[in-house]
Amino acid sequence: MSSATLQISDAGEAVLASFSNGIPQADNTISADYYKHKSKTDPRMKNARMLVAQTDRLQYVGKNFGPNIPQQGLTKYMIGVLNKKTGKMKVYNSQIIKMHPYLTDSASEAEDEVDKNKDASFVERADMLTSAFGSTRKRKAMESRIRNQIKGQALEDAVRVAVDLAKVETSSPVVQKTSQASTVIPPFDKEATMPEGVYNLDDIISPGELEALSTAAKVFTDSNRETVLEWIKQEVYPKYVLEHLVVLPVRVVARVKKSCLLLYLTYMLHMYQLRARDLERNEFMIEGVPDLVKKNLLDKFTYKMQSGKSNKIVRCMPARLKDKLVSYVLVLCLYIDEFCTPLHNLQIDLKMGQDKLKIHARALGCRVRKVKSESGGSTQLGTAELTVPLTFPEITAKKKKDRR
């Protein structure tokens with residue numbers, strides 16, 4: 001058994017460094033400088049030390065003085081250095097210094113923040129203090145007041161825009177009837193001479209998306225009548241999609257294209273049924289959606305917003321984008337059915353009233369026909385047919401009834 005001799009050295013001191021953001025990786029080269037305070041008259045700064053370290057990625061600064069530095073109390077730290085050849089160990093007085101990352105722009109940013117705060121009002125400065133040092137109750141009250149201010153300003157802006165628009169409409173004898181509708185319906189050509197020229201299929205689903213769906217759509221392409229009947233029994237897919245899977249084309253090219261369109265329609269119908277809390281989840285789309293298709297659908301029919309509860313970024317689908325989604329669904333169905341599409345099963349899939357779906361179809365320039373139900377009682381939506389020349393419904397203002 002080897003022996004060692006312990007020798008306490010007064011030659012100098014050593015330092016133990018701990019890193020606040022974890023130990024640097026082994027492949028980092030660390031260089032360090034150790035500083036002592038030069039004041040010899042101030043007893044409080046006699047033992048003040050600062051350690052500065054540099055790695056390949058970050059700079060670190062640590063010190064044993066200042067208001068936020070924990071006191072070591074009566075604890076004394078020592079470091080032993082063993083000489084393996086002589087078997088002697090030298091012990092040095094030591095202390096622990098916590099290293100923090102140092103961002104080079106922090107000083108200039110702090111100066112900019114100070115300059116910015118000089119121009120702040122009394123209320124803004126009070127809000128800064130409340131945000132930094134206030135209690136939870138005071139911070140919540142401040143945030144509520146700021147939110148109400150923002151909502152009030154947004155309401156004032158909306159009223160101002162509405163008033164300006166009303167002035168324009170009042171002074172102008174001709175009002176563009178389709179300006180509002182064109183914000184939620186796909187781009188259209190009013191001068192088209194054939195139904196297929198009114199709306200462009202590429203605006204609904206791009207060629208890249210069609211190609212991306214070819215693999216996922218094989219489940220439809222390779223299906224047979226028995227498989228589809230089993231899907232109908234189990235209600236695996238929307239009723240409109242199942243109705244068309246029974247009569248898929250025999251020709252390969254046409255069968256693959258229609259399968260891709262029906263699968264894309266399945267994704268769109270699924271999106272329409274999503275609720276606000278569904279959109280807050282990390283994954284809310286059907287499993288297996290190609291990345292390109294998923295990205296384009298989210299970009300078209302949702303937008304990102306910050307959640308008020310957790311401050312995380314979530315998706316949102318307001319009423320305007322839901323209406324836009326219905327318009328795109330109807331145009332896609334028109335292409336699938338050669339511009340005369342049955343609405344009954346689509347109404348069931350959308351869980352939408354007859355009158356509302358009729359308004360959507362007519363807003364696209366379709367003629368909507370009703371038929372009697374199979375039971376022979378009330379009427380139900382029959383078909384929506386896109387005809388040319390394209391005509392949009394007249395917008396008539398409702399007259400107020402006289403109150404006596």
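**Notes on the predicted model**

1. Lys351 is exposed, with 69% relative accessible area. Before going further, a reminder that this is a predicted model. Back to Lys351: its phi is near 55°, a positive value in a residue other than glycine. You'll find Lys351 in the loop between H13 and helix H14 (354-363).

2. Glu338 is another residue to look at for its backbone. Its phi is positive, about 55°, although Glu338 is not a glycine. Glu338 sits in the loop between H12 and strand E9 (340-342). Is Glu338 buried or exposed? Its relative accessible area is 68%, so Glu338 counts as exposed, the cut-off being over 50%.

3. While you're on the backbone, check the peptide bond between Val388 and Pro389. It is cis, with omega about 0°. Pro389 belongs to the segment after strand E11 (379-386).

4. Now the overall picture. The protein has 404 residues, and 30% of them count as buried. Its secondary structure comes to 14 helices and 11 strands. If you take the contacts with a separation of 6 or more, 58% of them are between residues 24 or more positions apart.

5. On to the core. In soluble globular proteins, nonpolar side chains tend to be buried together. Here the largest nonpolar core has 66 residues. Which of them touch the most other members? That would be Leu245, Leu265, Met268, Met271, Leu297, Leu332 and Leu346. A second, separate core has 5 residues, among them Leu51, Tyr60, Ile97 and Met99.

6. Leu332 is a handy place to centre your viewer. Not counting residues up to four places away in sequence, Leu332 touches Leu201, Ile204, Leu261, Tyr264, Leu265 and Met268. Of these, Leu265 and Met268 also appear with Leu332 among the core residues that touch the most other members. For a distance check, the C-alpha atoms of Leu332 and Asp203 are 10.0 Å from each other, with their positions 129 residues apart along the chain.

7. Asp203 itself is in helix H4 (residues 201-204). Asp203 is partly exposed, at 29% relative accessible area. Apart from neighbours within four places in sequence, Asp203 is in contact with Pro187, Lys300 and Tyr328. Keep Tyr328 in mind, as that residue comes back in the ring pairs.

8. How many aromatic pairs does a search of the whole structure find? The search gives 8. One of the pairs is Trp231 with Tyr237, edge-to-face, at 5.1 Å centre to centre and 80° between the planes. Trp231 is buried, its relative accessible area being 11%.

9. Phe301 and Tyr328 also pair up. Why is this pair edge-to-face? The ring planes of Phe301 and Tyr328 are at 80°, and an angle over 60 degrees is edge-to-face, so the label follows; the centres are 5.5 Å apart. Phe301 lies in helix H11 (residues 291-301) and Tyr328 in helix H12 (residues 319-336), so the pair ties together parts 27 residues apart in sequence. Both Phe301 and Tyr328 are buried.

10. Two more ring items. Phe188, Tyr199 and Phe392 are linked into a cluster by ring pairs. And Tyr272 has a charge over its ring: the charged end of Lys322 sits there, 4.7 Å from the ring centre.

11. If you're thinking about pockets, here is the second largest one. About 480 Å³ of space lies in this pocket. Its lining takes in 18 residues, and Glu235, Tyr237, Pro238, Lys239 and Asp349 lie nearest the centre. Tyr237 is also the ring partner of Trp231. Which helices each supply at least two lining residues? Helix H8 (239-245), helix H9 (252-272) and helix H13 (344-350) do.

12. Last, a look at His244, whose place is in helix H8. With a relative accessibility of 7%, His244 counts as buried, because the cut-off is under 20%. Leaving out neighbours within four places in sequence, His244 is in contact with Leu262, Ile336 and Asp337.

Notes: Residues numbered from 1 in each chain as written. Predicted model: local features only at pLDDT ≥ 70, side-chain atom pairs only at ≥ 80, totals over all residues. Heavy atoms only, no water. Phe/Tyr/Trp six-rings, centres within 6.5 Å; stacked < 30°, edge-to-face > 60°. Buried < 20%, exposed > 50% of the residue type's maximum accessible area, 1.4 Å probe, protein only. Helix = DSSP H or I, 4+ residues; strand = E, 2+ residues; numbered from the N terminus. Lys NZ or Arg CZ within 6 Å of the ring centre and 35° of its normal. Core = buried A, V, L, I, M, F, W, Y, C linked by side-chain atoms within 4.5 Å. Contact = heavy atoms within 4.5 Å. 1 Å grid on protein atoms, 1.4 Å probe; cavity = no way out; pocket = protein on both sides within 12 Å on 5 of 7 lines; lining within 4 Å. Points joined across faces, edges and corners; volume = space filled by probe spheres on them.
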